[in-house]
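Please consider the structure shown below. A short briefing on its salt bridges, core and strands follows.

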Amino acid sequence: MEQLRLENAMCRGVDVVDDSAVALAIEEAGSHFGPVGLLVNNAGIMLLADVVSQDNVDIQRLFDVNCVAPLKIARLVLAGMIGRRRGTVVNLGSIAGINLY
């Protein structure tokens, strides 16, 4: 993203399950650009092993990234959006989530 040299963009690598890192990134962007008007939840992971072979830690990580993180991140910006009576949250998914391997 940084190679695109977008003047009105800020690039940060953040683990979406790290609550404090996500909050810090949102705060930093807000300080630079103003209140969040659009949140795009686009992070996702998929385990490629068959379900029987997957261990509980990997399954929990998948659930945390794909399901819990988008809700927790949305909560960080929704109060401000509601207060301003404007804002958009977009949650993206993948067709790969339809198939279990």
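How many salt bridges does a search of the whole structure find? The search finds three, a salt bridge being a side-chain nitrogen of Lys or Arg within 4 Å of a carboxyl oxygen of Asp or Glu. The model is predicted, with local features needing pLDDT of at least 70 and side-chain atom pairs pLDDT 80 or more, while totals for chains, interfaces and linings use all residues. Residues are numbered from 1 along each chain as its sequence is written, and side-chain values use heavy atoms, leaving out hydrogens and water.

**Salt bridges**
- Arg12 and Glu28 meet through their side chains at 2.8 Å, N to O; Arg12 precedes helix 1 (19-33) and Glu28 lies within helix 1, 16 residues apart.
- Helices here are DSSP runs of H or I with at least four residues, and strands are runs of E with at least two, numbered from the N terminus.
- Asp19 and Lys72 form a salt bridge at 2.9 Å, N to O; Asp19 lies in helix 1 and Lys72 in helix 2, so the pair ties together parts 53 residues apart in sequence.

**Nonpolar core**
- The largest nonpolar core (buried Ala, Val, Leu, Ile, Met, Phe, Trp, Tyr and Cys residues joined through side-chain atoms within 4.5 Å) has nine residues, including Val16, Leu39 and Ile73.
- Helix 2 (residues 56-84) supplies the largest share of this core, six residues.

**Strands**
- In strand 1 (residues 38-41), Leu39 and Asn41 point to one face and are buried (under 20% relative accessible area, 1.4 Å probe, protein chains only; exposed is over 50%, partly exposed in between), whereas Leu38 and Val40 point to the other face and are not buried.
- Strand 1 pairs with strand 2 (residues 88-91) in the parallel sense over four bridges; pairing requires at least two DSSP bridges.
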